[in-house]
Amino acid sequence: MRESDISKHTPKPITLAECEICSKLEEVQTSFYKYGWNDMDQPLPDEARRLVPAEPVTSENEHRHIKQCPICGTLYRYHSWYEYYVNGSEDYEELVRLSTTE
Ligand SMILES: [Zn+2]
């Protein structure tokens with residue numbers, strides 16, 4: 001097999017800036033929802049919803065697991081939590097990009 005044949009089958013690494021998902025996401029993305037206060041909602045970017053779980057998600061870890069970009073393979077730590085307040089409960093989500101250079 002010639003060298004050119006091998007390189008053809010190796011996925012070309014793309015940078016975050018070239019990835020249509022990751023280029024839209026900051027190192028840390030957070031969302032905030034308050035029940036009954038829609039004006040204050042700050043959802044995650046649409047691109048965040050295109051990330052796929054990198055591990056099986058069960059009821060045990062659905063609020064804290066690793067997600068992966070289906071295009072470039074970058075990993076993100078996803079965490080969501082909930083706070084109860086008398087004037088309206090609050091939902092939070094946090095998405096943190098994990099270092100790809102290790
Ligand atoms: Zn990506």
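Trainee: Is tyrosine 92 buried, exposed or partly exposed, and what count of other C-beta atoms within 10 Å decides the matter?

Mentor: The model is a predicted one, and the question is settled by counting neighbours. A residue is called buried if 20 or more other C-beta atoms lie within 10 Å of its own, and exposed if 12 or fewer do. Tyrosine 92 has 14 other C-beta atoms within 10 Å, so this residue is partly exposed.

Trainee: Where does tyrosine 92 lie, and with which residues is tyrosine 92 in contact, leaving aside its neighbours within four places in sequence?

Mentor: Tyrosine 92 belongs to strand 5. Leaving aside neighbours within four places in sequence, its contacts are Thr30, Ser31, Phe32, Ser80 and Trp81. A separation in space may also be set beside a separation along the chain: tyrosine 92 and glutamine 42 are 50 residues apart along the chain, and their C-alpha atoms are separated by 9.4 Å.

Trainee: How many helices and strands are there in the chain, and what pattern do they follow along the sequence?

Mentor: The chain has one helix and five strands, and the pattern read along the sequence is α-β-β-β-β-β.

Trainee: In what order do the five strands form the sheet?

Mentor: Strands of a sheet pair through backbone hydrogen bonds, either parallel or antiparallel. Here the order is 1-5-4-3-2, in an open sheet with antiparallel pairing. Strand 1 (28–34) and strand 2 (52–53) are at the edges; each has a single partner strand, so one side of each is left without a neighbour in the sheet.

Trainee: How many bridges join strand 1 and strand 5, and which residue is the bridge partner of serine 31?

Mentor: Strand 1 pairs with strand 5 (residues 90–97) over seven bridges, in the antiparallel sense. Serine 31 has glutamate 93 of strand 5 as its bridge partner. Glutamate 93 is also the bridge partner of serine 80. That second bridge leads to the pairing of strand 4 with strand 5, which is antiparallel and has eight bridges. In addition, tyrosine 78 has leucine 95 in strand 5 as its bridge partner.

Trainee: Which glycine takes a positive phi in the hairpin of strand 4 and strand 5?

Mentor: Glycine 88 does, with a phi near 140°, in a hairpin that has six residues between the strands. The hairpin of strand 3 and strand 4 likewise has six residues between the strands, and there glycine 73 takes a positive phi near 85°.

Trainee: Which residues are bridge partners where strand 3 meets strand 4?

Mentor: Strand 3 (residues 64–68) and strand 4 (residues 75–83) run antiparallel and are joined by five bridges. Histidine 65 is partnered by tyrosine 78, and isoleucine 66 by arginine 77. Glutamine 68 stands opposite leucine 75.

Trainee: How many bridges join strand 2 to strand 3?

Mentor: Two bridges join these antiparallel strands. Proline 53 stands opposite lysine 67 of strand 3. Alanine 54 is in the loop between strand 2 and strand 3, and counts as partly exposed because it has 17 C-beta neighbours inside 10 Å. Leaving aside neighbours within four places in sequence, alanine 54 is in contact with Ile66, Lys67, Gln68 and Leu75. The C-alpha atoms of alanine 54 and cysteine 69 are separated by 8.8 Å, the two residues being 15 residues apart along the chain.

Trainee: Which residues make up the largest nonpolar core?

Mentor: In soluble globular proteins, nonpolar side chains tend to be buried together. In this chain the largest nonpolar core has seven residues: Cys22, Leu25, Leu51, Cys69, Tyr76, Tyr78 and Leu95. Leucine 95 touches Gln29, Leu44, Ala48, Tyr76 and Tyr78, not counting residues up to four places away in sequence.

Trainee: What percentage of the residues in the chain is buried, and what percentage of the contacts with a separation of 6 or more joins residues 24 or more positions apart?

Mentor: Of the 102 residues in the chain, 9% are buried. Among contacts with a separation of 6 or more, 38% are between residues 24 or more positions apart.

How values were computed
Residues are numbered from 1 along each chain as its sequence is written. This is a predicted model: local features need pLDDT of at least 70, side-chain atom pairs count only at pLDDT 80 or more; totals for chains, interfaces and linings use all residues. Two residues are in contact if their C-beta atoms, placed from the backbone, lie within 7 Å. A nonpolar core is a set of buried Ala, Val, Leu, Ile, Met, Phe, Trp, Tyr and Cys residues joined through C-beta atoms within 7 Å. Two strands pair if DSSP finds at least two bridges between them.
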